[in-house]
Structures are given as structure tokens and as C-alpha cells.
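The exercises below ask you to read a model step by step, and each task is followed by a worked solution. Please look through the sequence and the structure before you begin.

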Amino acid sequence: MSSFVLITFVGWKKSLSIGVMDINYNELERRWSAKWEEKGLYKVTEDTTRPKYYVLDMFPYPSGAGLHVGHPLGYVASDIVSRYKRLKGFNVLHPMGFDAFGLPAEQYAIETGTHPAITTARNIDYYREQLKKIGFCYDWYREVQTSDPAFYKWTQWIFMQLFNSWYDFRLNKAADITTLVDLLQSEGSASLVAAGTCEALFSAADWQAMDVAAQQNFLMQFRLAYLDHAEVWWCEALGTVLANDEVKDGVSERGGHPVERIRMRQWFLRITEYADRLLEGLNHLDWTDSMKEMQRNWIGRSEGASISFALKDSTASIEVFTTRPDTIFGATFMVLAPEHELVADITTDEQRAAVDTYLQYVKTRSERDRQAEVKTVTGQFTGAYAVHPFTGKDIPVYIAEYVLAGYGTGAIMAVPSNDDRDRAFAEKFSLPIIEVVDQSAYPQAAREDKIGVMAHSDFLNGMEVKDAIAAAIDHIESKGIGKRKINFRLRDAGFSRQRYWGEPFPVVYREDIPYLLSEDALPLELPDVEAYKPGGQAKSPLAALHDWVNLPDGSTRETDTMPGYAGSSWYFLRYMDPKNPNRFVGEAAEKYWRSVDLYVGGTEHAVGHLLYSRMWQKFLFDRGWVSEEEPFKKLVNQGMIQGVSAVVSRVKLHGIALSRINVEIFLSKNVSDDYKKGEISDLELLDLIDQMEPITGPGNREFVGELELNLTEGIHLPIQFLNGDIFDYSSYVKSVNSIFHALFVPDSDGIFRVDLVVEKMSKRYGNVVNPDDVIDQYGADCFRMYEMFLGPIDASKPWDTKGITGVSGFLRKLWRLMVDDAGQLKVEDTPPAAGDLKILHRCILKVEDDVERLSFNTAVSAFMIAVNGLTESGCRSKAVMEPLLIILAPFAPFITEELWSMLGHTESVHRAAWPKGDPALLVESSFNYPVSINGKVRTNVEFPLDMPKADMEQATLALDVVLKWTEGKAPKKVIIVPGRIINIVI
RNA sequence: GCCGAGGUGGUGAAAUGGUAGACACGCCGGAUUCAAAAUCCGGUCGGGCUUACACCCGGUGUGGGUUCGAGUCCCACCCUCGGUACCA
């Protein structure tokens with residue numbers, strides 16, 4: 001597929017007819033865009049006379065494919081809210097920028113040698129141009145780019161503050177590391193040990209006697225940005241470290257080379273210190289429950305106990321964390337994570353070879369594979385035994401991939417009676433199972449549910465699980481073998497990448513000890529490199545720059561760079577004061593804008609970005625640099641717009657020569673299905689191909705015996721040539737370059753059909769729809785409204801351009817409501833008819849309610865209903881048209897501005913005030929009640945709304961239809977809900 | 001596997017526990033037109049019955065339950081999508 005070129009989107013474009021009364025959207029939109037820009041209509045300042053409102057979009061990563069129709073879904077929604085709030089009198093901050101560091105630009109650089117800065121700048125220009133066409137009210141003066149040194153200077157600065165801070169247990173917040181040094185200086189580590197934050201006990205004198213390296217190593221255990229070791233995917237063949245995304249099925253996605261986990265020293269952020277506050281803070285946020293739930297589960301707070309198991313014939317012990325200390329008598333073996341530090345020590349000589357083999361296997365396994373694997377249990381006995389702390393029995397120690405080094409202590413006491421994976425493991429390795437919880441009273445209960453009565457458990461026997469947990473912990477504590485503990489699933493965040501295109505660390509090493517640069521050395525700019533492909537073992541390309549790495553004073557620079565989420569963890573603050581050279585955000589601006597009132601973005605960021613941002617904000621808050629502890633008050637997730645792909649099968653021939661080389665043979669759906677089912681034989685298929693283009697070469701058919709047909713499924717064809725499921729292959733072949741030869745084998749009716757598959761919109765699938773093309777044909781207003789009309793903002797759905805004609809028709813209808821065929825304004829300064837006022841006010845109230853609820857699709861239909869109604873009634877009243885234009889302006893900013901100015905206004909419609917809807921105009925005096933018999937609607941009857949229930953009941957029972965059903969008998973019950981329904985039960 | 005979301009006509013969807021399918025697309029029929037585009041009018045969940053008006057039965061992924069009444073609430077299951085710690 002490498003030889004075909006993607007061509008611009010023209011397939012569904014029809015010629016646009018512009019009649020006398022047609023609106024030239026493109027001209028109109030260009031004209032108003034220019035005027036707004038000239039007047040600075042969307043420029044925002046800190047205006048203390050008006051209440052502020054901060055509406056933020058998750059900024060995009062500018063990929064080479066440009067914006068597709070899925071991106072603007074959330075942007076249109078937030079733009080509508082921004083404009084609506086402005087009409088409501090708020091001073092609205094609505095900025096946009098670019099998340100500009102990232103892997104794709106670097107990968108492109110490796111392939112082509114183009115500097116990522118060049119690709120990125122180009123992509124950003126294209127994105128910005130596309131965004132501007134859609135008519136967003138962004139204040140472009142405030143644009144930020146995370147790869148801009150003026151921006152990442154402050155990313156580096158915040159990293160330095162994290163490095164220079166520790167989490168002060170006394171204040172329960174971050175504090176300057178010097179306060180820790182003062183503490184150690186004056187009293188040693190006693191209070192730290194008491195607080196459980198470190199184990200080494202030493203005095204003030206001991207501290208003072210330590211050398212620099214020892215002191216720094218100690219402080220490293222407390223810094224919020226710190227060095228530790230972690231594993232990365234290493235691919236020897238490619239010579240690079242790979243992202244999880246780049247590893248598929250245990251091999252590199254590019255090239256299919258072997259990969260393995262290797263351990264490296266890297267930077268981390270101590271987000272776990274914030275686990276409790278990140279959890280608690282959720283309670284005060286206006287986010288969806290599902291989003292909060294995902295964060296809660298990610299943080300994963302669990303209460304239990306840590307217990308120490310002594311090893312037989314050894315001084316070492318294994319510490320485990322368990323949420324089920326009550327089941328300790330059911331612990332019949334132990335399992336260590338394969339990476340556990342004790343593994344090498346405790347493995348016996350007889351088991352060493354087997355353990356090593358198993359460790360090799362685990363190195364090729366991703367964490368996800370390890371957790372997802374439930375069908376086949378794997379593990380290996382180490383030869384070592386632990387001593388059960390209560391029974392004194394020997395229990396074997398295994399290693400197994402299902403135990404992860406990063407969770408808890410990296411070791412478990414396995415209780416096969418009450419844990420599914422332990423159970424499966426015990427069964428596979430024939431280990432004893434002791435049923436310690438009698439759940440016979442709870443037939444519905446699962447093995448892992450915390451209900452039942454304890455059995456075979458010595459002093460716990462007869463207790464309910466809940467009580468047994470408490471009793472077991474008490475006992476464990478009194479025996480001194482463990483203690484009550486709260487554990488979090490959340491792990492500290494890896495902050496190093498062995499990559500080029502990221503923020504350099506403002507760090508140098510002397511004697512292997514990291515030191516920060518001075519603040520005036522910031523920004524530490526990313527230097528140019530010769531090659532983007534890493535040279536040395538798992539090092540970033542920066543490591544090859546010897547002059548840059550090795551400083552004259554003998555120190556060396558950190559060569560890793562920061563991850564993608566570094567810049568995105570605080571960019572929302574920079575928008576408040578984007579050009580400030582002296583501070584990451586100026587104090588006055590920060591105190592005015594404070595935090596984001598509405599944040600719109602995809603669920604894919606539910607835990608990553610949203611958790612890191614919250615941590616950074618809390619840290620900056622602790623240190624007194626910002627005034628709010630949470631960055632995003634309200635959060636809304638937009639759904640994903642998927643593409644519809646054209647998927648076919650491709651066949652390759654071996655052992656036969658075609659008239660041309662490099663021919664791709666595609667099979668139409670029915671042909672391919674029949675072939676797969678065996679209803680078409682190899683020979684028949686070959687015949688079909690032969691009909692398309694004669695197979696030449698030595699003896700053709702005689703070669704059939706050696707012929708090999710290779711079917712590849714799931715090949716994507718570009719959707720531009722698609723009409724329904726029919727693929728116009730002759731146009732497609734004409735459109736691509738001459739090197740590409742393709743043979744299309746159609747169905748028996750001569751038509752080539754594809755499988756339609758709904759999936760992520762992506763360049764690689766050839767299913768991308770570009771908003772530019774939609775706007776060229778229908779205009780930005782139409783595009784915006786159609787995106788909203790597609791469905792609820794948070795729902796995912798496939799894009800289909802066909803339906804857009806409905807919205808297009810609506811905009812024309814709106815235009816014709818106010819402008820006649822000759823282009824003359826029809827609107828008159830006459831008093832509005834009562835019916836028209838009712839239509840208008842119903843619309844105002846509905847749209848207002850819908851925008852507040854972010855239900856934009858129903859707001860669009862409310863506009864359609866209003867315009868249909870006003871068209872039907874022949875309304876011409878200015879008093880109706882003007883408010884209608886104002887409420888529609890957030891959705892369709894261009895056409896409303898044009899009509900508004902035609903009505904004689906010199907000030908922009910976007911500076912108008914939202915009209916007040918009057919509910920009194922909508923009050924009805926009667927209601928047409930549905931009458932249902934046993935819940936099924938049988939007829940309708942109209943009653944005044946103030947009619948007494950008894951009268952309604954009497955009148956309803958006398959209806960012919962009702963009499964037919966009741967057969968004259970008295971009903972069992974009559975339910976009357978005023979203004980709703982009448983239900984008769986017989 | 002685990003966590004989260006979703007499943008309603010041919011399609012996108014609507015519906016504070018109260019007339020399922022608003023608003024649109026598509027399709028069918030008609031008006032207008034030399035013709036087309038555009039526009040306008042009517043029809044459009046399935047089945048039964050009827051010359052017709054009407055009427056009846058079934059219907060919101062599957063199976064149960066709560067309720068006068070369930071797309072909506074509860075239980076179990078199936079399928080699709082997002083995340084799963086280095087894609088962004």
C-alpha cells in the first residue's frame with residue numbers, strides 16, 4: 001500500500017449552484033472573519049467590572065493529517081457556551097493552543113530527517129488556519145505552544161520547584177526542601193521515621209557527618225521530582241526505546257522485531273503523596289460520576305494490613321499487603337513479582353535454571369498482558385519456603401507474572417479459597433486449598449466477596465468476615481508481624497523519556513548526583529542534533545551531542561527529555577497571561593481568572609492528563625503560586641466521531657507472473673466472502689482474475705499446481721470513492737500515481753463492493769473527512785450546527801456528511817424568513833402576533849435550558865421548529881427576528897451577524913444581550929390527555945388544566961372507547977396525573 | 001482480565017417513571033420546471049384486518065423483576081466503544 005497517494009477529498013462534492021437568492025457563505029464568512037479580527041472582537045482582558053468565565057478546550061496535538069471532523073465537536077460546543085456566556089454578560093476567556101511535543105513528529109524526523117520543529121510549525125499553521133475557518137471566538141493573542149522555549153522555560157521551572165520540594169507530613173502539603181534539611185539538621189530523622197515516611201533512623205549529628213552524596217541520596221527519597229529505576233521497552237533491532245503503543249503482541253509494531261523490558265534510572269513525580277487529596281478533591285468537582293469513578297478507581301485506595309512472612313533458613317522476610325488479613329489461615333503459598341528484589345537471593349540452585357527461563361519469558365510480557373491473562377496461569381517455584389506466622393507451617397514461595405512489582409509490596413500471600421487467580425494458580429500447581437470462609441448462607445456470593453463466616457481459622461472461627469478483618473489486624477499488630485495499612489494502586493509518574501522531541505531537563509550530574517541549573521539559565525533550549533535516531537544503549541539522541549552533554553567543569557547533562565504530559569499539566573494557567581516573561585502566570589491575571597469553569601475534552605484523558613494536571617495545580621497551590629487547588633471546576637467529555645472505512649480483502653499470487661509487476665488484486669465483498677467460504681475454488685478465483693487481465697508468463701494455467709494464493713483481509717481503501725458500499729475503482733485507479741497498479745475483481749454484476757467498518761478516523765485507514773471540504777461546500781455555520789445536530793455531545797457516532805443537507809436547508813429557510821428572492825429585507829417594524837411570540841419564547845427558553853445542560857442537538861431542533869413555525873405563520877416582525885438572531889448567534893455566528901447588520905445594526909450581534917424568555921406566554925389552559933387502559937393508550941380527551949380530578953374521572957369513564965374496555969364494570973383503579981395522563985386499571 | 005460508557009426505525013436521533021420514534025437524513029408519491037437543481041405538499045416501525053374511516057396485536061440488545069404505568073428503576077447475560085500508567 002506504500003505506493004498510493006492520498007488525494008484530497010472530492011468524492012461526494014457536488015457542484016454548487018448559486019442562484020439569485022442563494023447565500024454565498026464563503027464570501028460572507030471571509031468578510032466577517034476579517035472584520036472581527038480587525039476590530040479585535042474576541043480579544044479579552046482582565047475586566048473586573050464583569051464576572052469572569054473560563055472555557056477551555058483540550059488543546060490538540062497537531063498531527064500531519066490536519067484536523068478531521070471529529071476534533072471540532074468539543075470545540076464547537078465550548079464555542080457555543082463561550083458566546084452564550086458572553087451574551088449573558090460574562091467576561092469570557094476562551095483560548096486555544098497546541099500540545100506540540102510528541103512522538104509522531106519525532107518518528108517522522110527519524111524517517112525523513114526533517115527537524116520536528118519544522119514539521120510541528122507547519123502542522124500548527126495548518127491547524128490554526130482550519131480552526132479559524134470554523135469561526136471560533138478564540139483570543140488568538142493568547143495562543144501557546146508547549147514546544148516554544150518561551151513556554152517550556154516555565155515547564156522546566158516548575159520541574160525545578162518539584163525537585164526542590166518535599167511533601168511535609170506535618171503540614172500535609174508540599175514545602176521547600178530546605179525545611180526538610182532544617183529538620184534533619186536539628187533533630188535527625190526521628191520524626192520522619194515516626195511518621196512512617198522513612199526507615200533509616202539517625203540523629204542530627206549523624207546527618208551532619210554524612211557526605212554530600214549520602215545527604216543527597218537521602219533527600220532523593222523525599223523530593224517531589226526524583227530519580228529512581230523503572231523498566232522501558234527496549235528494541236535492539238530498532239535501537240530505540242519503544243512506547244507501549246509501539247509494541248504489539250510482544251514485538252515492535254514497526255518491523256516486528258523482538259522487544260524486552262530493561263531497567264533504567266529515570267525521573268519520577270511523587271504523585272502518590274497527593275493520592276488522598278486527589279481522591280478527596282473529586283467530591284467538590286462538577287464532573288460526571290463516571291469520570292470521578294474512573295479517577296477513584298485509578299487512585300485505588302484500599303484498606304488492609306501489611307504482614308511480614310519470615311523466610312525459612314534465612315534472615316530475610318517477605319512483606320505483603322493484603323486487604324483480606326482475615327483469610328490468613330487460608331494462605332497456603334506466596335507469590336513474588338518476578339522483578340521482586342528477593343528473587344535472586346532466595347532461588348535455590350535446583351530451581352535457578354527454571355526461574356531464569358521464566359524471568360526471560362516475563363521480560364517479553366507487557367503489564368497489560370500479565371493482568372489480562374486469565375486462561376493460562378504461569379509461574380515458577382523458587383525452591384524457597386516461608387513460615388506461616390500463625391501456623392508455623394512451611395509454605396512454598398513462587399514467582400508469577402500476575403503479581404506486579406509496582407503494586408503493594410510486589411508480593412502476596414496467596415489465598416486460593418478467596419481469590420480467583422490464587423485459586424487458578426493453586427489448581428494448576430496442585431497446591432493446598434483451605435476453605436476459610438463459609439459462604440453457604442450467601443448462595444449468591446462470589447469467592448472474593450467480603451461476606452461469610454470464618455472457618456478453619458483458629459481464633460477467627462465463627463466471626464463474620466467484617467469483624468474477622470479487624471480482629472486479624474489487631475492480632476497481627478500485637479504479635480508485631482505487621483500493621484494496619486492503607487495502600488494505593490496509584491504509582492508515581494514516570495517523567496523521563498529517552499527521546500529527542502521533548503523538554504530538556506535543567507539538570508546536570510556531578511559524581512552521579514543531580515544538580516539543577518540556576519533559574520537564569522532557563523530556558524535550557526533543545527539543541528539541534530545530527531540524527532534523530534538514538535545511538536547508544538537506550539539513550540536519547542541528545543546523548544550523542546558530546547559537546548552539549550559534557551560541560552567544561554566536568555559535569556554532564558541529563559540527556560532524557562520530559563514526557564508529553566509535562567506541558568499539558570499546566571498550559572491552562574499560561575493562557576491567563578501568555579506573554580509574561582517573569583512568571584509562569586502573572587499574579588494579577590491568575591487571581592482574576594483563577595481556574596477553568598468549563599473544560600471540554602475526550603474521555604481518553606480521563607485518568608492521565610486530568611490526574612497529572614490536578615497534581616501540578618495542587619503542588620503550585622501548596623507553594624503559594626496559584627490561588628485555587630483544583631484546575632477544572634466543570635468537565636464535559638465529548639464523544640468520538642468515528643469514520644466509516646472501506647475494507648476489502650487483497651490476494652497475492654505466488655508462482656505465477658502477471659503482465660505487470662507490483663499488482664495489488666482486490667476482491668469485491670461477495671467474491672471474497674465466497675472464496676473464504678470455499679464456494680469459489682483457487683482455480684475459479686484465478687479465472688476471475690484472468691478475466692480482468694490475462695495472466696501471462698510461462699504456461700500460466702499449467703502453473704496452477706504450484707500456485708499459492710495469499711489472502712490478506714482488512715485492507716483499507718480511501719472512502720472518497722465510496723457511494724454506499726459501492727467502490728468506484730476506475731476513478732480511484734485514475735486518481736493515483738502511475739506506479740500503482742491495481743486489479744479489482746468485482747461481483748458477478750460488475751459492481752465492486754466493500755465492507756463498511758466504523759472505526760477511529762485516521763489517515764492510515766483512509767477514512768478521514770476534513771472540515772475544510774465540508775465548509776467549502778456548506779459554510780462554517782452549517783458545519784458547526786451539523787456537528788451539534790449529530791447527537792448528544794458525549795456520544796460517539798460515525799460521521800456521515802449526507803445528513804448535513806437538513807441543517808443547510810434550515811439556514812436557507814432562516815434566510816428566506818427575513819430576505820425575499822430579490823435579496824430585499826422582508827422584516828417589518830410591526831407588532832408581533834401572539835402565536836409568533838409564543839414560538840419565539842418557547843425557543844428562547846428551550847435553547848437557554850439546553851445550552852445550560854449542554855444539550856446542543858436538541859437546541860438545534862428547537863431552532864428548526866421555531867423557524868418552521870414562523871415560516872408557516874408568515875411572520876415578518878422585527879421584534880421576533882431580532883431576539884431569534886441573538887439566540888442563534890452562538891451556533892451560527894456568521895449568518896446571524898450578516899442578517900443582524902442587514903437589520904440596521906452597527907454593533908456586532910455577538911455584543912448583544914441575551915433576550916429574556918417569558919414562560920407566562922407559554923401557559924396553556926387545557927391539555928389533551930392520553931387515556932390508557934392498563935397502561936396501553938386507547939384514546940385521547942381534552943380537559944381544562946384546572947378541572948377537578950373527580951370530574952375528569954367521571955367524564956373519562958363515560959367515553960365510548962373506555963366503556964368498550966370496561967364493559968360497564970367499575971374499574972379497579974383510576975390514576976389521574978394532572979397535565980400528564982389518565983390510566984384506568986380494569 | 002480490570003475500570004468507565006453505550007445498545008431505540010433503513011440512518012443520525014428525541015423522550016422530569018406517563019401517548020416510543022420529536023427534529024432531520026434517506027426512500028416513495030405528488031406540485032413547480034422545457035429539463036434539472038432548489039423549493040413546497042403528502043407518506044414512511046413491523047404484523048393483522050378493512051372499499052374506506054377506523055380498529056386490533058407486537059415492538060427500545062437478550063432473559064427475568066419492581067410498578068397503575070418501564071426506553072427510563074433493579075438483577076443476570078450478550079455485543080460495541082474508550083482507558084489500562086511511554087500514542088495524544
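**Exercise 1.** By class, how many nonpolar, polar and charged residues does the surface near RNA strand B have?

*Solution.* This is a predicted model, in which local features need pLDDT of at least 70 and side-chain atom pairs count only at pLDDT 80 or more, while totals for chains, interfaces and linings use all residues. Residues are numbered from 1 along each chain as its sequence is written, chains are lettered from A and ligands numbered from 1 in the order in which they are written, and side-chain values use heavy atoms, with hydrogens and water left out. Begin with the residues near the strand (one heavy atom within 4 Å of it): 61 residues surround RNA strand B, and the closest are N244, L790, N868, R980 and N983. Then sort them, with Ala, Val, Leu, Ile, Met, Phe, Trp, Tyr, Cys and Pro as nonpolar, Asp, Glu, Lys and Arg as charged, and the others, Gly among them, as polar. The result is 22 nonpolar, 22 polar and 17 charged residues.

**Exercise 2.** Find which helix gives the most residues to this surface, and which parts of RNA strand B the protein meets.

*Solution.* Taking helices as DSSP runs of H or I with at least four residues, numbered from the N terminus, helix α29 (residues 856-873) gives the most, with 6 residues. Of the atoms of RNA strand B within 4 Å of the protein, 62% belong to sugar or phosphate, and the rest belong to bases. For single atom pairs, a backbone N or O atom of N244 lies 2.5 Å from a sugar or linking oxygen of RNA strand B, and a backbone N or O atom of L790 lies 2.4 Å from such an oxygen.

How values were computed
Polar contact = N/O pair within 3.5 Å; in protein donor to acceptor, adjacent residues only side chain to side chain. Helix = DSSP H or I, 4+ residues; strand = E, 2+ residues; numbered from the N terminus.
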